[in-house]
Structures are given as structure tokens and as C-alpha cells.
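Student: I would like to learn how to read a model of this kind, one feature after another. Could we begin with the contacts of a single residue and work outwards from there?

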Amino acid sequence: MDVPKGHLAIYVGEGQKKRFIVPVSFLNHSSFQQLLGKAEEEFGFDHPMGGLTIPCSEDIFTDLTSRLQELL
């Protein structure tokens, strides 16, 4: 699946990973940066899915991205 310009693919989940496509503008928000910090602590820069992987539940991620989407 292609990723539209201005977006990035992220894999989310604590067990099974689900792929999400999010705007790159999310990278500027502190809440999203906290998730990226958690991913860095767990995976460093070696992401097992071949893309950015965030080790949190899908519910937490979708809640956060919904709130960030409202800010855009």
C-alpha cells in the first residue's frame, strides 16, 4: 500500500502490529513525540516491522491521533 505525500506509515501494537498512515505534522506534537520516545527506548532504530513501530495499544494510538486530527 502506498503512503501519500506528507504522511508516514507506522506500525502500532503490543503483540500483533497494525499499520496506520498518519500525517507527518503529527511529529511536531509533544504527545506523539512521547510515543516516539517509547519506541526508541524499546527498539532503538532497529524496527522489526521494517518501518517505524510504536509499542502501545491500538486504542491509545487511535485516541491520540483522533485528538491530534482535531487540532489540524
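Student: Which residues is Ile10 in contact with, leaving aside its neighbours within four places in sequence?

Tutor: Bear in mind that this is a predicted model. Leaving aside neighbours within four places in sequence, Ile10 is in contact with Lys18, Arg19, Phe20 and Val22, and also with Phe32, Leu52, Ile54 and Phe61.

Student: Which residues touch the most other members of the largest nonpolar core?

Tutor: The general idea is that, in soluble globular proteins, nonpolar side chains tend to be buried together. In this structure the largest nonpolar core has 14 residues, and those touching the most other members are Ile10, Val12, Val22, Phe32, Ile54 and Phe61. Strands E1 and E2 and helices H1 and H2 each supply at least two residues of this core. For the protein as a whole, buried residues make up 33% of the 72 residues.

Student: In what order do the strands of the sheet lie, and why is one side of E2 and of E3 left without a neighbour?

Tutor: As a general point, the strands of a sheet pair through backbone hydrogen bonds, and they do so either parallel or antiparallel. Here the sheet is open and has three strands in the order E2-E1-E3, with mixed pairing. Strand E2 (18-23) and strand E3 (52-54) stand at the edges and have a single partner strand each, so one side of each is left without a neighbour in the sheet. Neighbouring strands of this sheet are turned against each other by 40° on average, direction ignored. Strand E1 (residues 7-12) and strand E2 run antiparallel and are joined by six bridges; one pairing to look up is that of Tyr11, whose bridge partner in E2 is Arg19.

Student: How do the helices fit into this, and what is the order of the elements from the N terminus on?

Tutor: The protein has two helices and three strands, and from the N terminus on its elements run β-β-α-β-α. Helix H2 (residues 58-71) lies across E1, E2 and E3, running at about 15° to E2. Within helix H2 you will find Thr65, which touches Val22 and Phe26 when residues up to four places away in sequence are not counted.

Student: Is Thr65 buried or exposed, and how should I class Ser31?

Tutor: The cut-off needed here is that a residue counts as buried under 20% relative accessible area and as exposed over 50%, with partly exposed in between. Thr65 has a relative accessible area of 13% and is therefore buried, whereas Ser31, at 29%, is partly exposed. Ser31 lies in helix H1 (residues 30-43), and its C-alpha atom is separated by 7.6 Å from that of Leu64, although these two residues are 33 residues apart along the chain.

Student: How many aromatic pairs does the structure hold, and how is the pair of Phe32 and Phe61 arranged?

Tutor: The structure holds three aromatic pairs. In the pair of Phe32 and Phe61, the ring centres are 6.1 Å apart and the planes stand at 55°, so the pair is tilted. Because Phe32 lies in helix H1 and Phe61 in helix H2, this pair ties together parts that are 29 residues apart in sequence. Both Phe32 and Phe61 are buried, and together with Phe20 and Phe26 they form one aromatic cluster.

Notes:
Residues are numbered from 1 along each chain as its sequence is written. This is a predicted model: local features need pLDDT of at least 70, side-chain atom pairs count only at pLDDT 80 or more; totals for chains, interfaces and linings use all residues. Side-chain values use heavy atoms; hydrogens and water are left out. Two strands pair if DSSP finds at least two bridges between them. Helices (H or I, at least four residues) and strands (E, at least two) are DSSP runs, numbered from the N terminus. Axes are lines fitted to C-alpha atoms, for helices over the stretch in contact, and angles run from 0 to 180 degrees between N-to-C directions. Contact means heavy atoms within 4.5 Å. Buried means under 20% relative accessible area, exposed over 50%, partly exposed in between (1.4 Å probe, protein chains only). Rings of Phe, Tyr and Trp (its six-membered ring) pair if their centres lie within 6.5 Å; planes under 30 degrees apart count as stacked, over 60 as edge-to-face and the rest as tilted. A nonpolar core is a set of buried Ala, Val, Leu, Ile, Met, Phe, Trp, Tyr and Cys residues joined through side-chain atoms within 4.5 Å.
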